[in-house]
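Q: Could you take me on a close look at the largest pocket of this protein, and then at the packing around the elements that line it? I would like one connected account that I can follow on the screen.

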Amino acid sequence: MIQAIVNTPLGKTKITGDTAGISSITVLNDEAQTSKTIPDELKNAVEQLLAYFEGTLKDFDFPLAPKGTEFQQKVWSALLEIPYGKTTSYLELSKKLGDVKAIRAVAAANGKNPLWIVVPCHRVIGSDGSLTGYAGGLWRKKWLLEHENPSAQQSLF
């Protein structure tokens with residue numbers, strides 16, 4: 001596995017992968033050094049992630065290779081179907097996966113998502129519309145949702 005660390009508006013971000021694809025994208029909470037060079041295998045992912053933050057990219061298309069259980073993979077695949085700028089609830093996601101009683105397992109798998117932003121777990125909210133649980137911190141979840149769906153500026157006149 002190779003890795004690169006880049007600056008994003010939400011902090012240093014580590015991208016890990018190999019020729020098979022990107023296996024993880026995580027935000028770091030420490031003062032990690034950014035990479036001076038980006039390995040060829042990671043360049044496409046780095047460029048797309050930075051374009052997302054610039055607001056010029058909505059859909060990622062580089063190969064993904066996350067490691068997880070069969071159930072986790074199923075949940076992560078369902079997350080990929082949530083459109084940019086939209087949200088769903090843990091309950092709706094559980095229903096979509098065919099078992100409304102699996103809501104806690106779905107939430108746990110969501111929390112284990114190794115591909116920050118690309119597999120959009122930040123688009124899953126509470127049934128009441130509340131921002132619930134986010135490994136990167138709720139302030140980052142709020143930022144991402146606002147980035148994807150900025151409220152229209154209201155006129156005073």
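**The largest pocket and the packing behind it**

A: Happily! The largest pocket encloses about 260 Å³ of space, and please keep in mind that the model is predicted. Its lining is made up of 16 residues. If you want to centre your view, go to Gly111, Asn113, Tyr134, Ala135 and Gly136, which lie nearest the middle of the pocket. Two elements to follow from here are β3 and α4, as each of them gives at least two residues to the lining.

Let's take α4 to begin with. Val106, Ala109 and Asn110 are its buried residues. Looking down the helix axis, you would find them within an arc of 105°, so they line one face of α4. A general point helps here: an α-helix has 3.6 residues a turn, so residues three or four places apart point the same way. The cover over the buried residues of α4 includes α2, α3 and β5.

That leads us to α2, which runs over residues 70-79 and buries Gln72, Val75, Trp76, Ala78 and Leu79. These residues take up an arc of only 155° around the axis, which puts them on the same side of α2. The cover is reciprocal, in that α4 (103-111) is among the elements over the buried residues of α2, together with α3 (90-96) and β5 (124-125).

Leu79 brings us to the largest nonpolar core. The core has 38 residues, and Leu79 is one of the four that touch the most other members, along with Ile15, Ile25 and Trp116. At least two core residues come from each of β1 (2-8), β3 (21-27), α1 (40-54), α2, α3 and α4. The largest share is that of α1, with seven residues. In general, nonpolar side chains tend to be buried together in soluble globular proteins.

Now for the other lining element, β3, which spans 21-27. Ile25 is a good residue to click on. Beyond its neighbours within four places in sequence, Ile25 contacts Thr13, Lys14, Ile15, Leu49, Phe62, Pro114, Leu115, Trp116 and Val118. Just along the chain, Leu28 sits in the loop between β3 and α1. Its relative accessible area is 17%, so Leu28 counts as buried. With the same four-place neighbours set aside, Leu28 is in contact with Ile5, Lys12, Lys14 and Arg140. Leu28 and Ile5 are 23 residues apart in sequence, while their C-alpha atoms are 9.1 Å apart.

Two of the contacts of Ile25, Phe62 and Trp116, also belong to an aromatic cluster, whose other members are Tyr52, Phe53, Phe60, Tyr84 and Trp143. The structure has six aromatic pairs. In one of them, the ring centres of Tyr52 and Phe60 are 5.7 Å apart and the planes meet at 35°, so this pair is tilted. Tyr52 also pairs with Tyr84, this time edge-to-face, with 6.3 Å between the centres and 80° between the planes. This second pair joins distant parts of the chain, since Tyr52 belongs to α1 and Tyr84 to the loop between α2 and β4 (88-89), 32 residues away. Both tyrosines are buried, and Tyr52 has a relative accessibility of 0%.

Methods
Residues are numbered from 1 along each chain as its sequence is written. This is a predicted model: local features need pLDDT of at least 70, side-chain atom pairs count only at pLDDT 80 or more; totals for chains, interfaces and linings use all residues. Side-chain values use heavy atoms; hydrogens and water are left out. Buried means under 20% relative accessible area, exposed over 50%, partly exposed in between (1.4 Å probe, protein chains only). Helices (H or I, at least four residues) and strands (E, at least two) are DSSP runs, numbered from the N terminus. The arc is that of the directions from the helix axis to the C-beta atoms. Contact means heavy atoms within 4.5 Å. A nonpolar core is a set of buried Ala, Val, Leu, Ile, Met, Phe, Trp, Tyr and Cys residues joined through side-chain atoms within 4.5 Å. Rings of Phe, Tyr and Trp (its six-membered ring) pair if their centres lie within 6.5 Å; planes under 30 degrees apart count as stacked, over 60 as edge-to-face and the rest as tilted. On a 1 Å grid over the protein atoms alone, a cavity is a set of points where a 1.4 Å probe fits but cannot get out, and a pocket is an open set with protein on both sides within 12 Å along at least five of seven lines; lining residues have an atom within 4 Å of a point. Grid points are joined across faces, edges and corners, and a volume is the space filled by probe spheres set on the points.
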